[in-house]
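Subject: The structure, and what turned up in it

Hi,

Here is the structure I promised to send over. Have a look at it first, and then read on for my notes.

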Amino acid sequence: MRIIVAFGRAYPARTLLMLISLLLAGVAESVSLTTMLPLLSVTLGDQTHSSFAQKVVDVLHWFGLEPTVLVMLSVIVLGMTVSSTLILLGNRQVGYTVAHVATDLRVNLIRSLLGSRWEYYLRQSTGALANAVATEAYRASTGYEHAANMLALCIQAGVYAFIALFVSWQATLVSLVVGFILLIALQRLAKTSRRAGKSQTRLMRDLLTHLTDTLSSVKPLKAMAREDIADSLLRSQAAELNKAMEREVMSRETLRALQEPMLAILAAAGLYAGVVVWHLPLSHVMVLIFLVVRVLGLMHKAQQRYHRMAAQDSAYWALQEAIDTAAADAEPSGGNRTPTLQKDIVFEGVSFTYGARQILDAVNLRIPVGSFTSLVGPSGAGKTTILDLICVLLAPQSGKISVDGVPIEELDRQRWRRMIGYVPQETLLLHDTILANVTLGDPALTAADAERALKQAGAWEFVEKSPAGLQTIVGERGGKLSGGQRQRIVIARALAHNPRLLILDEATSALDPESEEAICSTLKALSPAITIIAVSHRPAMIHIADQVYRLNEGKLNLVEAESVE
Ligand SMILES: Nc1ncnc2c1ncn2[C@@H]1O[C@H](COP(=O)(O)OP(=O)(O)OP(=O)(O)O)[C@@H](O)[C@H]1O
């Protein structure tokens, strides 16, 4: 039930509109069907109308209508038409809200994850995220659909029960109590559905996490003939998921199958009690049975919806939790000072630890504007960490980092980052065109910007030669290109928006010495206008540098380029 309250809070106007339409639909339907009572009295030739039938006849008179068969049938048809129209309106509202819920959940999750601290983001699994965006958001929104339908059915059942009370309150109460007892007895099945739903949420997440990891490393798996291990793991996870789905289907279908016999027993018992025990007129008993069976049928349908909601709502709570935890670990907003890069970037006594592990120990560093700085050091020494500190993806535990004398945390973070061109170690490309890979969909960048950047990165030659040019599709993760070509496209991406600061993390590691030499000289030519920081072990990158820093065991020292072997 919590899910209804949560949705009602998140979408109050939509929920209210939906409920009002469905309530009115219920009233219209039940009022029109109530006319059945005098109609049956007339057709069955009852000499005396019951008091309730008489009331209905009075109401018809009040509207200036004679209770003829034709008039009463017309009232029934009209009421059913109005009710269907209102149900359509209500369901349309439900449908729209379901679409909104799914979209909002997806957008909120992506936004909160992208806005989270870098260290938090690194802990997230891509597979779980893909699952959350695709499957969980959909399941959560259908959870709302079932909840809304359940409420609507309860409302309709309530209206019918209210009318039934006027026909015979004793018979209605007895039937309702028996019906409720049966519904409660079936409630155990809802627990099974909820448990199965929870397992599905967890198993689906595990399966997709595993699948994404496997798919990203298919090449080594195939090359070493290990794909069968990955395959059997995936299979056993899929089998578990299947079991959870079967449990849910079983409890849902059992509930559905029990509906008909349960209602038949109640109707037979009601007929017997009405005619034999209470000696009510047959028309009276028939309407009463119709109403009570309708109430219980609606309650039963509501219960089915409840089961389906129970199976889906775990997806909503799992998603909401993911959104909330990411939001709780949101990146600090940064300052509001406009960044400039006219003088230098300075580290003073900067220390950084990952847990208990000291990575940087009171590091001092000065990067003058327009210079080409190379960072060298053994693997795992903390070079990327220094770059992450400059991009404000990480914050030091102590010491100070400043840009033109302004503490980096006081800078408008977005504007500072927009001044940066970043080439990461991993050259992951989007499964899209070369143009899209260079511009990253930024509408401010044109094909001419992409061409200029590709030329600067030494990539234009091969792009020009491909038949589709800038429109060439690079394949999954850039699989249709060589490692060196991928690297050049990623460098072009970093240069496309004319950055003031270019950060290269092992950016030329996949290039042959000749291509590397060529790129290095282009980069060097950029360097008075663009400040460049390059992490590299490659001689070409080191020899063109204006200054070389070596990081070792947390200490950073300025060294001669010649001393770096
Ligand atoms: N998110 C993290 N959580 C915990 N430890 C981390 C994390 N990221 C990196 N490390 C550790 O911090 C150390 C420095 O990592 P960093 O990536 O900065 O090294 P590096 O000098 O760039 O290495 P390489 O040259 O191999 O890329 C490594 O030992 C690494 O294991």
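Which residues does A164 touch, leaving aside those up to four places away in sequence? Before you go looking, please keep in mind that this is a predicted model. The partners of A164 are T172, L288, L291, V292 and V295.

A164 also has a place in a bigger picture. The largest nonpolar core has 67 residues, and A164 is among the members that touch the most others, along with Y160, L288, L291, V295 and L319. Eight helices each give at least two residues to this core: α1 (2-10), α2 (12-34), α3 (36-43), α5 (69-114), α7 (126-167), α9 (187-216), α11 (227-277) and α12 (282-328). Of these, α12 provides the largest share, with 22 residues. There is also a second core, separate from that one, with 66 residues; A381, W416, Y422 and V438 are among them.

Next, a helix pair that you may like to bring up on screen. Helix α8, residues 169-185, packs against α12 at an angle of about 25 degrees, and the two axes are 10 Å apart. Angles under 35 degrees count as roughly parallel, so α8 is roughly parallel to α12. Their crossing is right-handed. On the α8 side, the residues that meet α12 are A171, T172, S175, L176, G179 and L183. Facing them from α12 are L288, V292, V295, L296, M299 and Q303. Sorted by class, this contact between α8 and α12 has eight nonpolar residues, four polar ones and no charged ones. T172 of α8 is thus worth finding on screen, as T172 is one of the residues that A164 touches.

Finally, two backbone spots to check. V392 is not a glycine, yet its phi is positive, at about 55 degrees. You will find V392 in the loop between α13 (383-390) and β4 (398-403). Is V392 buried, exposed or partly exposed? It has 19 other C-beta atoms within 10 Å, and a residue needs 20 or more to be buried, so V392 is partly exposed.

The other spot is E553, also a residue other than glycine, with a positive phi near 50 degrees. E553 sits in the loop that links β9 (547-552) to β10 (555-559). Here the count is 11 C-beta neighbours inside 10 Å, and because 12 or fewer means exposed, E553 counts as exposed.

Happy to talk any of this through once you have had a look.

Best wishes

Methods:
Residues are numbered from 1 along each chain as its sequence is written. This is a predicted model: local features need pLDDT of at least 70, side-chain atom pairs count only at pLDDT 80 or more; totals for chains, interfaces and linings use all residues. A nonpolar core is a set of buried Ala, Val, Leu, Ile, Met, Phe, Trp, Tyr and Cys residues joined through C-beta atoms within 7 Å. Helices (H or I, at least four residues) and strands (E, at least two) are DSSP runs, numbered from the N terminus. Two residues are in contact if their C-beta atoms, placed from the backbone, lie within 7 Å. Axes are lines fitted to C-alpha atoms, for helices over the stretch in contact, and angles run from 0 to 180 degrees between N-to-C directions. Angles under 35 degrees count as roughly parallel, over 145 as roughly antiparallel, 65 to 115 as roughly perpendicular and the rest as oblique. A crossing is left-handed if the near helix is turned anticlockwise from the far one by less than a right angle, and right-handed if clockwise. Ala, Val, Leu, Ile, Met, Phe, Trp, Tyr, Cys and Pro count as nonpolar, Asp, Glu, Lys and Arg as charged, and the others, Gly among them, as polar.
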